[in-house]
Amino acid sequence: MDYSEIDLNSLKVFISVADSKSISSASKKLFISQPAVTNCIKKLEAILGGKLFIRTSKGAMLTTEGKMFYDYCVDAMKKINAGLNAFSKFANLSIGQIKIGSSSTIIRHMLIPFISYFSKKYPDIKISIHDGLSDQLIDMLNHDEVDLSIVNTPIEN
């Protein structure tokens, strides 16, 4: 079965029809034409190889397999929304973590005021500081153990 033809909008249309139990209501809610909704459902049914709805004069009712598919689609949409929200928080510095490597001298005399300022501005960003010698700090950076290393010696890499 080729799922590459199924896009997120198709699933949104499907969920909307299932929730409203009506193609016309879903059409109004989604601001798309009724034929477009009908075509989307028909295409989805063709890809899946089965009926999602039983169409009656009272509207569209989910089939047994349609109900099962609906439950998976709703769970998937919840996860996608959670992922989008988490990404947004991370990108906007609402959450996250920064790992800094530096020598104790630089930490005490230079970094503490900056870290204090940053922590007040972004309280949900966790900052961890790793103390070490320049060679150790470079190694930590190369092994992704820190995001940033501040060293005070000439380095080749």
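These are my notes on the cysteines, aromatic rings and nonpolar cores of a predicted model.

**Entry 1: cysteines**

I looked for disulfides first. A disulfide is a covalent bond between the sulfur atoms of two cysteines. I took a pair of cysteine sulfur atoms within 2.5 Å as the cut-off. The count came to zero disulfides.

Why is Cys40 not bonded to Cys73? The closest cysteine sulfur to that of Cys40 is in Cys73, and it is 11 Å away, which is too far for a bond. Looking from the other end, I found that Cys73 is in no disulfide either, its nearest cysteine sulfur being that of Cys40.

I then checked whether these residues are covered. Cys40 has 15% relative accessibility, so I noted it as buried. Cys73 has a relative accessible area of 4% and is buried too.

**Entry 2: aromatic pairs**

How many aromatic pairs does the whole structure hold? My search found four.

I noted one of them between Phe14 and Phe69. The ring centres are 5.2 Å apart and the planes are at 50°, so I filed the pair as tilted. Phe14 belongs to helix H1, residues 8-20, while Phe69 belongs to helix H4, residues 64-91. The pair therefore ties together parts that lie 55 residues apart in sequence. Both Phe14 and Phe69 are buried.

Another pair joins Phe118 and Tyr122. This pair is also tilted, at 4.8 Å centre to centre and 45° between the planes. Phe118 is partly exposed, with 22% relative accessible area.

I also looked for rings that group together. Phe14, Phe53, Phe69 and Tyr70 make up one aromatic cluster.

**Entry 3: nonpolar cores**

Next I looked up the largest nonpolar core, and it has 22 residues. Which residues have the most contacts inside it? I listed Phe14, Ile15, Val17, Phe53 and Phe69.

I then asked which helices supply this core. H1, H2 (23-30), H3 (34-48) and H4 each give at least two residues. H1 gives the most, with six.

I followed Ile15 further. Leaving out residues up to four places away in sequence, I found that Ile15 touches Tyr70, Cys73, Val74 and Met77. Cys73 is the buried cysteine of my first entry, and Tyr70 is in the aromatic cluster of my second.

Last, I noted another core lying apart from the largest one. This other core has five residues, including Ile100, Ile107, Leu111 and Ile115.

Terms used. Residues are numbered from 1 along each chain as its sequence is written. This is a predicted model: local features need pLDDT of at least 70, side-chain atom pairs count only at pLDDT 80 or more; totals for chains, interfaces and linings use all residues. Side-chain values use heavy atoms; hydrogens and water are left out. Buried means under 20% relative accessible area, exposed over 50%, partly exposed in between (1.4 Å probe, protein chains only). Rings of Phe, Tyr and Trp (its six-membered ring) pair if their centres lie within 6.5 Å; planes under 30 degrees apart count as stacked, over 60 as edge-to-face and the rest as tilted. Helices (H or I, at least four residues) and strands (E, at least two) are DSSP runs, numbered from the N terminus. A nonpolar core is a set of buried Ala, Val, Leu, Ile, Met, Phe, Trp, Tyr and Cys residues joined through side-chain atoms within 4.5 Å. Contact means heavy atoms within 4.5 Å.
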